[in-house]
Amino acid sequence: MIDTLRLTAYEAARLLREKEISGAELWEAYRRAIDERDPELHCFLHVCDDPGGDGIPLAVKDVIGTKGIPTTAGSKMLEHYVPVYDATVIRRAQEGHGLRVLGKTNTDEFAMGSSTENSAFGPSLNPWDPTRVPGGSGGGSAAAVAAGLAPWALGSDTGGSIKQPASLCGIVGLRPTYGTVSRYGIVAFASSLDQVGPTAKTVRDAALLYKIIAGRDPCDSTTVDVPPVELPSAEDLRGVRVGVPKELNEAEGIEPGVKAAVDGALAHAERLGARLESCELPLSVDYGLACYYLVAPAEASSNLGRYDGVRYGLRSDGADFREMLMRTRHDGFGDEPKRRIMLGTYALSSGYYDAYYGRAQKVRTLIAQDFKDAWERFDFIASPTSPGVAFELGAKADDPLAMYLNDFCTVPMSLAGIPGISIPNGLSEGLPVGFQIAGPAFSENRILDAAHALEGAIGFDGRQAWA
Ligand code: GLN
């Protein structure tokens, strides 16, 4: 009997290699887990048939295009859209590694949100407590991995959508350096921020999946050659300098239980030999959210312009082109994309462009500089991933600003294009807390090593969810 709750992708690969289990048995085990628990948790928008073979199953966030498999981005606009080509990350996962797409996971519409409550197809629930959200936008992936419905998953992160749901579901999420993973075939949200990355049970699994998907892609000119990805092996943090920014660790909105858990992880880091020092990131935190919520909607308003009822996706009837276009967008987009289209179009409109979008881009440069200054003294920056634990469904759904505050600890890194990981580091109120480690561009190997060492010391048991 395969225990999907315990099994890591690394271990599954070993079992397959040594022929202790067959590819069909492994697939069946996940399908059974999905049939049992997904009617309640609603992690999947689509579950696939076994394509055959001996590869490890992979859950895929539904903003990642999959040939012949529906790809909805959580939106009515793409409800019946079936891509005719695979995203590069899917091609890489299949070719050479034989990974099999298990299903497409739920997401906030066009990846806009922090709880999956913006999905046009209803929210996913948190396996730790089904009255609470799993985070977002990649909440379907995170809940699926945490509940043993998938060994690992591919997500996308614009302002925190890999790390924040990983944090709320007690698993690992890596947002790599901008440009290390191809965006070709991904439903675009905010192109200068969107980044694909892994969600997994362990740091080693996250490294494995990152290794598979990373690399330059001729189809995405923003990708670059990536230093070879190594599987993490460090057992200690000797000589590692960790900056602990006051603004991200002592801010008012951080729940006391989260702060206590993060302090616990910092104490572990110190015991493993790290040198901790309090520091400041004055601009990132004061201006991060405001800057992100100008840049991201501006780019989204431009990207979503392609849904015009003509090329692909939903088309509503209308007497003439204009009416057809208006009805299509009225029927196809939910409230959050509409809100962002309005904000973004305003910020980009002539007369306001310099005051809003132009100004935000300048602030973004300063935020990146904030981090560059920090790297002169530190290898990493550490903080909570999310200011709070998983919240009740509906608690923030009617208050966009409260929802945006969830991204407080993750958007600065997105704006700076730098990598970061979230690992589970304990519980607060019986719910998982995530610990975020961010580093300079292309420091994934070192981040993964540090996270691996800490993971061992923390000894978080994800199965507590089922005790
Ligand atoms: N919660 C953030 C937003 O709504 C981030 C989403 C994401 O990273 N895709 O924009």
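**Exercise 1.** In this predicted model, determine how many bridges join strand β5 to strand β6, and in which direction the two strands run relative to each other.

*Solution.* Begin with the two strands themselves: β6 covers residues 195–200, and two bridges join β5 to β6, the pair running antiparallel. Then look for a residue that fixes the register, and you will find that Gly 173 stands opposite Thr 199 in β6.

**Exercise 2.** Find how many bridges join β5 to strand β10, and state which residue of β10 Arg 175 stands opposite.

*Solution.* Strand β10 spans residues 420–428, and three bridges join β5 to β10 in an antiparallel arrangement. Within this pairing, Arg 175 stands opposite Gly 420.

**Exercise 3.** Sort the residues of β5 by the way they point, and decide whether they are buried or exposed.

*Solution.* Recall as a starting point that side chains in a regular strand alternate between the two faces of the sheet. In β5, which comprises residues 172–175, Val 172 and Leu 174 point one way, whereas Gly 173 and Arg 175 point the other way. As for burial, all of these residues are buried.

**Exercise 4.** Work out where the buried residues of helix α11 lie around its axis, and what they pack against.

*Solution.* First take the helix, which holds residues 335–348 and reaches 20 Å from its first C-alpha to its last, close to the 20 Å expected. Next list its buried residues, which are Glu 336, Pro 337, Arg 340, Gly 344 and Ala 347. Because these cover an arc of only 95 degrees around the axis, they lie on the same side of α11. On the other side, Asp 335 and Met 342 are exposed. Finally, the buried residues of α11 pack against α9 (282–303), α12 (354–375) and α13 (400–404).

Definitions and conventions: Residues are numbered from 1 along each chain as its sequence is written. This is a predicted model: local features need pLDDT of at least 70, side-chain atom pairs count only at pLDDT 80 or more; totals for chains, interfaces and linings use all residues. Side-chain values use heavy atoms; hydrogens and water are left out. Helices (H or I, at least four residues) and strands (E, at least two) are DSSP runs, numbered from the N terminus. The expected span of a helix is 1.5 Å times one less than its number of residues. Buried means under 20% relative accessible area, exposed over 50%, partly exposed in between (1.4 Å probe, protein chains only). The arc is that of the directions from the helix axis to the C-beta atoms. Contact means heavy atoms within 4.5 Å. Two strands pair if DSSP finds at least two bridges between them.
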